[in-house]
Amino acid sequence: MDPQLLIVLSILTLVVVLIITEVVRIDVVALLAMLSLVWTGSITAEQARSGFASNAVLAIIGVMIMGRGLYKSGITETIAQFILRVAGHGRRRIISTVSVTVGLLSAFIQNIGAAALFLPVMMGISKREGISISSLLMPMGFAALLGGTLTMVGTSSLIVLNDLLSARGVETFGLFAVTPIGIVLLLIGIGYFFVFGTTVLPDESAAQADTSPGQKLLNIWGLSDSIFTFRVPKDSPLVGQSVEESKMGATYSVNLLRVFDADTADYDIWKDYNFEAGQHLIVQGHEDDVWRFADVNGLELLQADEKSVPEGRDGYLEVVIPARSSLVGKTIREVPLREQYNAQVVLFFSNSEVVEGDLADRVIRAGDTLVLQGRWKSLQFFKESEDFITVTPFEYEPKQPEKAWMAVGSFIGAILIVLTLGLPISIGFLTGAVAMVLGGVLTIEDAYRAIEWKVIFLIAGLIPIGLAMESSGAAAFIAETLVTWIEGVPAFGILFILGVLMTLFSLIMSNVAATVLMVPLVLEMVGIGGLSAQALVLQVGLCAANSFILPTHHVNALLMTPGGYRVADYLKAGSILSLLFVTVSTTVLYFFYG
């Protein structure tokens, strides 16, 4: 065996072991692999650097910036609200609705674009609904990959497949030739997470490290235990009253946190607002006070699944009163928090103890701690005011709805550049990103902050491995060895083994490179076991997109950090789905194309 071939295969084996065991961070492993290939002479320095200038890396940078712009313009929040109106508030229904949407979108645009559009959407839904982000992102990302199999332009491997066949004078496939297979694959992927999602995805306890500062604040002070959900019956005295008229704060020391019903996700409780029959109220206060208020108004206690308020437009902020504050010596009643700042005190801590009972007439002293609840936009005042020292990390970022048209136009324009002008996806997406900066959707500093460098170094470091696999002949050696082994194997087995090989190739090299390598080889296999050229090449093109087991595909890499995933999470959820993918594609191709 050629020594260079042996070196590349050894480095590849070591990289796979390190990625799976996570002894070293995955992005560091990728960089070590790239450098090792240069040190051993397997690739040149120019080839090693090519990863940073690759189409995939530049496209991901563009996509991250555009995703940030869509978030800042409020587009993603609008999409999230629409999804919640359509799907309701159940985790499974949300995942299924989003997966169908992302899958159909990926049939016509690059899957990285579809995933990038819905990444901030899913993060918004996670906060609003109190659902672990780790249980949402992976199904969405996998749906984006599966959606690429719906058309011949949905994924790069199928696009290049037609080009290769045309160059060899073989009949090409129409746009929707793979649609029946793609529909089955997408439905199986959605059904897989619908049924087994709670089993294969990271559990809720594993996701607690990503708990928001506001929720941590509730847990630290024990406020979650003082939050109750009630329903307003038709005969309640509360019906028709405003918050002030109900005297829930002045008389009962009860805070109103949220009002919602089946038709409206949230009512704006900070404006002129009257209670209505059938509404659900989330209130906070001392248990005895809450029950006095509920009994007087005939409220019905609901067994809510959550003991905290999902954070979206509302949030919690912990502040300390400094000695120089103008509030020192005043009472809470004298500070117009609700009327002027759309905020309310949910906890008062003074002299090393929590103040209970009537807070309104409590005199504020230097060093007192207040936990405030209100709109994030309103809470920003307390961060900027010299009368308060904020303790909780501030999460609010003002939206720019007036820039929504510019954000949407830039995103759609980027996709159209790729589809109509035939330019690389990196050029299209970077054009859209620059358009957002020039259009004032976000600043260039915002654009830099939007880039997740761990993902960039991961992809840039892995790309040279694929180049080394090609240049050293390692990929060809593996493929040719396979062709020799499968002689005499039944047709179904040939297709299945071919699918497994393409799945493995998709994890360590680009799906385009794997397709270019394998198509000439499988065309030489036509007739073996009675298999047609269409069945063989489609198996190559489809299974090159079967990239679920490791976070090496750019869609998986994009979601790894925000989802808080580890390599083991992809192995657990992706292995079964990859096996289903190969089994389905093999079965359909064997019976309908063989």
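**Exercise 1. Helix α24 and one of its residues**

M560 is found in helix α24; the model is a predicted one. Work out whether M560 is buried or exposed, which residues M560 touches beyond its sequence neighbours, and how α24 as a whole sits in the structure.

*Solution.*

Step 1. Start with accessibility. The cut-off for buried is under 20% relative accessible area. M560 comes out at 4%, so M560 counts as buried.

Step 2. Now list the contacts. If you skip residues up to four places away in sequence, M560 touches I26, P551, Y565, R566, V567 and Y570.

Step 3. Check a long-range pair too. M138 is 422 residues from M560 along the chain, yet their C-alpha atoms are separated by 8.5 Å.

Step 4. Zoom out to the helix. α24 covers residues 554–563, and seven of the 10 are buried, so the helix is largely enclosed by the rest of the structure. M560 is on the buried list, along with V555, N556, A557, L558, L559 and G563.

Step 5. What do those buried residues pack against? The partners are α2 (26–39), α4 (55–72), α7 (111–129), α8 (137–147), α19 (453–471) and α25 (567–592).

Step 6. Finish at the end of the helix. G564 follows α24, and its phi is positive, near 65 degrees.

**Exercise 2. Sorting out a sheet**

Find the strand order of the five-stranded open sheet, then say how β8 pairs with β5 and with β6.

*Solution.*

Step 1. Write down the order: β7-β6-β8-β5-β9, with antiparallel pairing. At the edges sit β7 (353–354) and β9 (389–390), each pairing on one side only. As background, strands of a sheet pair through backbone hydrogen bonds, either parallel or antiparallel.

Step 2. Take the β5 side of β8. These two strands are antiparallel and share seven bridges. For a landmark, look at E318, which stands opposite V371 in β8.

Step 3. Take the β6 side. Strand β6 (residues 343–350) is joined to β8 by six bridges, again antiparallel. Two pairs let you trace the register: A343 has G374 as its bridge partner in β8, while F348 is partnered by L370.

Step 4. Ask how enclosed β8 is. Seven of the seven residues in β8 (residues 369–375) are buried, so the strand is largely enclosed by the rest of the structure.

Step 5. Add the helix. α15 (residues 376–384) lies across β5, β6, β8 and β9, and runs at about 145 degrees to β8.

**Exercise 3. Two loop residues**

Compare where K330 and S532 are placed, and classify the accessibility of K330 and of S532.

*Solution.*

Step 1. Place K330 in the loop between β5 (314–320) and α14 (337–341). Its relative accessibility is 36%, so K330 counts as partly exposed.

Step 2. Look at what K330 meets. Leaving out neighbours within four places in sequence, the contacts of K330 are V335, R362, V363 and I364. For R362, 32 residues away along the chain, the C-alpha separation from K330 is 8.2 Å.

Step 3. Now S532, in the loop between α22 (511–523) and α23 (533–543). Relative accessibility here is 18%, so S532 counts as buried.

Step 4. Check the S532 side chain for a polar partner. It reaches the backbone nitrogen of A535 at 3.3 Å.

**Exercise 4. Empty space**

Describe the second largest pocket and the second largest cavity, and say which elements contribute to the pocket lining and the cavity lining.

*Solution.*

Step 1. Do the pocket. The second largest pocket has a volume of about 1,000 Å³. Its lining takes in 49 residues, and those nearest the centre are A56, S156, S510, N511 and H554. α19 supplies the largest share of this lining, with seven residues.

Step 2. Count the cavities. Searching the whole structure turns up four of 30 Å³ or more.

Step 3. Pick the second largest cavity, which holds about 40 Å³ of space. Lining this cavity are I95, S99, P139, A143, L146, G189, I190 and F193.

Step 4. Assign the lining to helices. α6 (91–106), α8 and α10 (179–200) each give at least two residues to the lining of the second largest cavity.

Methods: Residues are numbered from 1 along each chain as its sequence is written. This is a predicted model: local features need pLDDT of at least 70, side-chain atom pairs count only at pLDDT 80 or more; totals for chains, interfaces and linings use all residues. Side-chain values use heavy atoms; hydrogens and water are left out. Helices (H or I, at least four residues) and strands (E, at least two) are DSSP runs, numbered from the N terminus. Buried means under 20% relative accessible area, exposed over 50%, partly exposed in between (1.4 Å probe, protein chains only). Contact means heavy atoms within 4.5 Å. Two strands pair if DSSP finds at least two bridges between them. Axes are lines fitted to C-alpha atoms, for helices over the stretch in contact, and angles run from 0 to 180 degrees between N-to-C directions. A polar contact is a pair of N or O atoms within 3.5 Å; within protein, one must be able to donate a hydrogen and the other to accept it, and residues adjacent in sequence count only if both atoms are side-chain atoms. On a 1 Å grid over the protein atoms alone, a cavity is a set of points where a 1.4 Å probe fits but cannot get out, and a pocket is an open set with protein on both sides within 12 Å along at least five of seven lines; lining residues have an atom within 4 Å of a point. Grid points are joined across faces, edges and corners, and a volume is the space filled by probe spheres set on the points.
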